[in-house]
Amino acid sequence: MSEELTPVLIGVGQITQKDVEPREAKGPIEMMAAAARLAADDAGLTPEQLAAIDRLAVVRFMSGNYADPVGNLADLLGAHPADRQHTAVGGNSPQMLVNETAEKIAKGTCKLALLSGVEVLSTITRAQRMGIDLPYGQITLTEEDRNGSLPTELAHGMFPPVNVYPMFENALRAKRGRSLKAHLLKIGELFAPFTKVAAQNPLAWFPIERSAEELATPTAKNRFVGYPYTKLVNAIMEVDQSAAVIMTSVAEAKRLGVPKDKWVYLHGCADAKDHWFVLERVNYHSSPAISRVGREAFAMAGKTVADMRHFDIYSCFPSAVQIAKQELALPEVDDIPLTVTGGLPYFGGPGNNYVMHSIAEMAQRLRAHPGDYGLVTANGWYVTKHSAGIYSTEAPSKPFARKDPALYQAEIDTEPKPAIALEPQGSAKIETYTVVHGRDGAPYMAIVIGRLDDGSRFVANTPSDADVFDLLLDGEAIGRKGKVTTSGGQNSFDPR
């Protein structure tokens with residue numbers, strides 16, 4: 001590959017729509033078009049040059065019901081791209097699209113690409129509350145060809161993500177030997193710097209700096225959701241946000257007249273997934289896939305973590321950040337913030353498209369600090385699908401050569417997975433758990449992942465008794481023994 005086919009990001013655009021009456025608010029296609037035009041303006045492209053894209057990719061969104069959102073966006077931009085892609089569900093999608101598009105550019109099969117995504121869940125929710133019918137419909141829950149959860153997981157409450165990520169968190173806490181109270185503060189200390197970054201970002205949904213104590217302390221306004229997570233450390237999806245990225249080759253960037261100070265290169269990248277279903281995981285405090293993605297991306301870039309000066313670590317929930325820190329060997333005490341946006345709970349978590357904002361913000365940060373390197377990570381489903389990208393304004397010293405993810409995915413797939421007991425009976429112990437709370441702040445359901453004496457794994461609920469909830473909320477429950485029974489597809493674990 002010649003230097004002229006080196007892939008480069010040339011334009012980024014972001015938009016946050018707040019406090020707009022639902023009838024006047026932009027819909028999802030209009031939001032994406034606005035972000036795309038901002039990206040074109042950023043690159044210095046005319047509307048006609050933007051319309052000349054030969055690749056258009058849209059991240060799957062839940063705002064409204066569209067048979068062909070890629071085509072709808074293309075029509076609004078006056079574009080006729082031959083290469084059109086609508087991704088599957090997953091927060092890894094934006095970085096994965098950048099990785100795949102860079103490869104297409106390097107191989108000469110793509111000249112100019114637009115990647116975009118959106119959510120307008122805030123407007124939709126407000127419209128529903130006001131009894132307003134929007135022309136693009138209501139919230140549409142979609143799933144890719146392969147659902148992210150097993151039927152037995154769904155039957156016991158392991159959906160939505162606010163019920164699942166706390167189970168990783170409790171496993172992390174137990175692995176690190178922390179008390180419940182001490183770990184709550186650690187969660188606050190982890191996310192307090194994110195709020196500081198969000199407070200300085202004019203596009204953030206919640207630009208409010210908060211202390212670790214405020215984040216970690218349960219109150220009437222900061223209730224537990226899925227224990228040990230208070231409301232303020234959960235990703236917020238009820239936002240109106242869109243972001244877009246324009247990519248091309250060095251040769252095309254020169255032809256289009258894009259100034260070099262706008263160019264941002266992808267130096268390293270990788271994509272992988274852990275065992276698909278949560279019940280299949282090796283454990284709940286690590287991620288073989290994140291570890292491998294990190295190694296592959298750093299090797300491709302010829303860099304190490306120590307070379308990174310800017311980060312955006314996927315931050316839907318604290319456990320996602322902690323597992324990524326661990327697997328990427330990030331320092332336990334951070335001198336550099338782990339986000340350039342403010343993170344999903346504070347900047348905003350627009351469904352699957354948050355990382356498009358990460359990439360856009362990273363590009364702006366690197367342009368302001370020429371020669372620096374930045375790392376973006378992305379996560380889909382339940383610490384399931386992972387992508388990473390290493391960026392810099394510094395030109396790569398070697399041709400872009402993305403390793404086929406299938407080559408290392410095959411190794412990850414050999415990681416052991418336990419047998420799953422669909423109808424568990426008998427003596428068992430808790431491997432991890434969460435206690436789900438209602439809007440009134442009271443617990444109403446506990447979810448347990450446990451192991452039978454033969455090592456097989458199961459998911460169950462506990463009896464909905466106050467003394468059971470108190471036991472799980474006030475002491476070390478992981479490793480606690482009890483009895484599991486099953487009836488009609490419902491499993492019950494009693495730890496008393």
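This is a short talk on how some strands and helices are arranged in one predicted model.

Okay, let's start with the big sheet. What is the strand order in this open sheet of 9 strands? Reading across, you get β3-β2-β4-β5-β1-β6-β9-β8-β7, and the pairing is mixed. Out at the edges we have β3, residues 83–86, and β7, residues 310–312. Each of those has a single partner strand, so one side of each has no neighbour in the sheet. If you ignore direction, neighbouring strands here are turned by 20° against each other on average.

Let me stay at the β7 edge for a second. β7 pairs with β8, residues 373–380, in the parallel sense, over 3 bridges. If you want one pair to click on, Phe 311 has Leu 375 in β8 as its bridge partner.

Now, what lies across the sheet strands β1, β2, β4 and β5? That's helix α1, residues 28–43, and it runs at about 130° to β1.

Next, a pair of helices. As a reminder, we describe two packed helices by the angle between their axes and the distance between those axes. For α7, residues 161–175, and α12, residues 318–328, the axes come within 8 Å and cross at roughly 50°. That makes α7 oblique to α12, and the crossing is left-handed. So who touches whom? From α7 you have Tyr 165, Phe 168, Glu 169 and Leu 172, and they meet Pro 318, Ser 319, Ala 320, Gln 322, Ile 323 and Gln 326 in α12. By type, the residues of that contact split into 6 nonpolar, 3 polar and 1 charged.

Last stop: β10, β11 and β12. Is β11, residues 443–452, mostly buried or exposed? Well, 7 of its 10 residues are buried, so the strand is largely enclosed by the rest of the structure. On one hand, β11 runs antiparallel to β10, residues 426–437, with 9 bridges joining them. Ala 428, for example, has Leu 452 in β11 as its bridge partner. On the other hand, β11 is also antiparallel to β12, residues 457–461, through 5 bridges, and there Ile 449 stands opposite Val 459.

Both connections are hairpins, so to speak, with a glycine to look at in each. Between β10 and β11 there are 5 residues, and Gly 441 takes a positive phi near 85°. Between β11 and β12 there are 4 residues, and Gly 455 in the turn has a positive phi of about 90°.

That's my tour, thanks.

Definitions and conventions: Residues are numbered from 1 along each chain as its sequence is written. This is a predicted model: local features need pLDDT of at least 70, side-chain atom pairs count only at pLDDT 80 or more; totals for chains, interfaces and linings use all residues. Side-chain values use heavy atoms; hydrogens and water are left out. Axes are lines fitted to C-alpha atoms, for helices over the stretch in contact, and angles run from 0 to 180 degrees between N-to-C directions. Helices (H or I, at least four residues) and strands (E, at least two) are DSSP runs, numbered from the N terminus. Angles under 35 degrees count as roughly parallel, over 145 as roughly antiparallel, 65 to 115 as roughly perpendicular and the rest as oblique. A crossing is left-handed if the near helix is turned anticlockwise from the far one by less than a right angle, and right-handed if clockwise. Contact means heavy atoms within 4.5 Å. Ala, Val, Leu, Ile, Met, Phe, Trp, Tyr, Cys and Pro count as nonpolar, Asp, Glu, Lys and Arg as charged, and the others, Gly among them, as polar. Two strands pair if DSSP finds at least two bridges between them. Buried means under 20% relative accessible area, exposed over 50%, partly exposed in between (1.4 Å probe, protein chains only).
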